[in-house]
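Trainee: I should like a close look at one part of this chain, set in the context of the whole. Please begin with the part itself and then work outwards.

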Amino acid sequence: MTERSVSHTTFVIERSYPAHPAKVFGAWADPAAREIWMDDPDYKSDGSKYELDFRAGGHERFSGITPEGGTYRYKGLIYDIVPDQRIVYSYEMYAGQDLGSVSLATVEIVAEGSGTKLTYTEQGAFLDGIEKPELRQELGWMFDNLGKYLASQAGH
C-alpha cells in the first residue's frame, strides 16, 4: 500500500527584461516561442507533439523522457488572459501514470521603465512524494531562457 501525503508550497520568481510588455506576453502566447525558451536540454522528446491553445479555456500539453529515463506528462488549463498584463493557469504533472503535483500559476507582466517586470507566482500541491517542491522552485532557468529568447528577438 502506497503511503499518501501532500506537501504545499508557494514561491515567486521575478525577472526584469529590456523588452516591451507586448513582446514578453507574445513569448508566452506563441507556441513556437514557448518551445524554444521552455526547452530543458536534460529532458528528451518522447515523440509527442507540443500543444498550446492560448485562450481562456484553452490548454497546454507536452510530455517527454526525464534524464533518468522515466516518462513525464504536463497538462495545463488556462483560466484568464489579459493581453500584455496577466496569465492565470493551472497544471498537472505526472511521473509515468502517477499524478505528482497540481499547481496554480500566475504570470504578471508590468511595464518597468523601458522594459518589463515579470512576476511568476506558483502555488502547488505535491502528492505522495512523487515530486519535490524544492525542485520545482528551481524554474529560474526557464525565466533566464525567456530573457535570452527576448534578447535574440530584439529588433524583430
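Mentor: Let us begin with Asp128, which sits in the loop between E8 and helix H3 (133-136). The model is a predicted one, and in it Asp128 has a positive phi of about 55°, although this residue is not a glycine. Its relative accessible area is 21%, so Asp128 is partly exposed; the cut-off for a buried residue is under 20%.

A second aspartate invites the same reading. Asp84 is placed in the loop between E5 and E6. Asp84, too, is a non-glycine residue with a positive phi, here of about 65°. With a relative accessibility of 29%, Asp84 counts as partly exposed.

From the loop of Asp128 we may step back into strand E8, where Lys117 is found. Lys117 counts as partly exposed because its relative accessibility is 28%. Leaving out residues up to four places away in sequence, Lys117 touches Glu14, Arg15, Ser16, Glu108, Ile109, Val110 and Glu112. Lys117 and Gln97 are 20 residues apart in sequence, and their C-alpha atoms are 37 Å apart in space.

On the other side of H3 in sequence, helix H4 contains Gly140. This glycine has 13% relative accessibility and therefore counts as buried. Beyond its neighbours within four places in sequence, Gly140 is in contact with Ile13 and Arg15. Gly140 and Ile13 are 127 residues apart along the chain, yet their C-alpha atoms are separated by 6.8 Å. Arg15 thus appears twice in this account, as a contact of Gly140 and as a contact of Lys117.

The next topic is the interior. The largest nonpolar core has 32 residues, and those with the most contacts inside it are Trp28, Trp37, Tyr89, Leu118, Tyr120 and Phe143. Two or more residues each come from strand E1 (6-17), helix H1 (21-29), helix H2 (31-37), strand E5 (71-82), strand E6 (86-95), strand E7 (98-112), strand E8 (115-127) and helix H4 (140-153). The most is given by H4, with 5 residues. In soluble globular proteins, nonpolar side chains tend to be buried together. Tyr89 offers a detailed view of this core: not counting residues up to four places away in sequence, Tyr89 touches Trp28, Tyr74, Leu77, Ile78, Tyr79, Ser103, Leu104, Ala105, Val107 and Tyr120.

Finally, consider the chain as a whole. It has 4 helices and 8 strands, and their order along the sequence is β-α-α-β-β-β-β-β-β-β-α-α. The radius of gyration is 16 Å, close to the 15 Å that the globule rule gives for 156 residues, so the chain is as compact as a globular protein of that length. Along the principal axes, the C-alpha atoms fill a box of roughly 55 × 30 × 25 Å. Of the 156 residues, 40% are buried. Among contacts with a separation of 6 or more, 51% join residues 24 or more positions apart; the pairing of Gly140 with Ile13, 127 residues apart, is one example of a distant contact in sequence. The accessible surface comes to about 8700 Å², and carbon and sulfur atoms account for 53% of that area. As for charge, the chain has 15 positive and 24 negative charges, whose mean positions are 3 Å apart.

Note on methods. Residues numbered from 1 in each chain as written. Predicted model: local features only at pLDDT ≥ 70, side-chain atom pairs only at ≥ 80, totals over all residues. Heavy atoms only, no water. Core = buried A, V, L, I, M, F, W, Y, C linked by side-chain atoms within 4.5 Å. Buried < 20%, exposed > 50% of the residue type's maximum accessible area, 1.4 Å probe, protein only. Contact = heavy atoms within 4.5 Å. Rg over C-alpha atoms; globule rule 2.2 N^0.38 Å. Areas by Shrake-Rupley, 256 points an atom, 1.4 Å probe, with all protein chains shown as cover. Lys, Arg positive; Asp, Glu negative; His and termini not counted. Charge placed at Lys NZ, Arg CZ, Asp CG, Glu CD.
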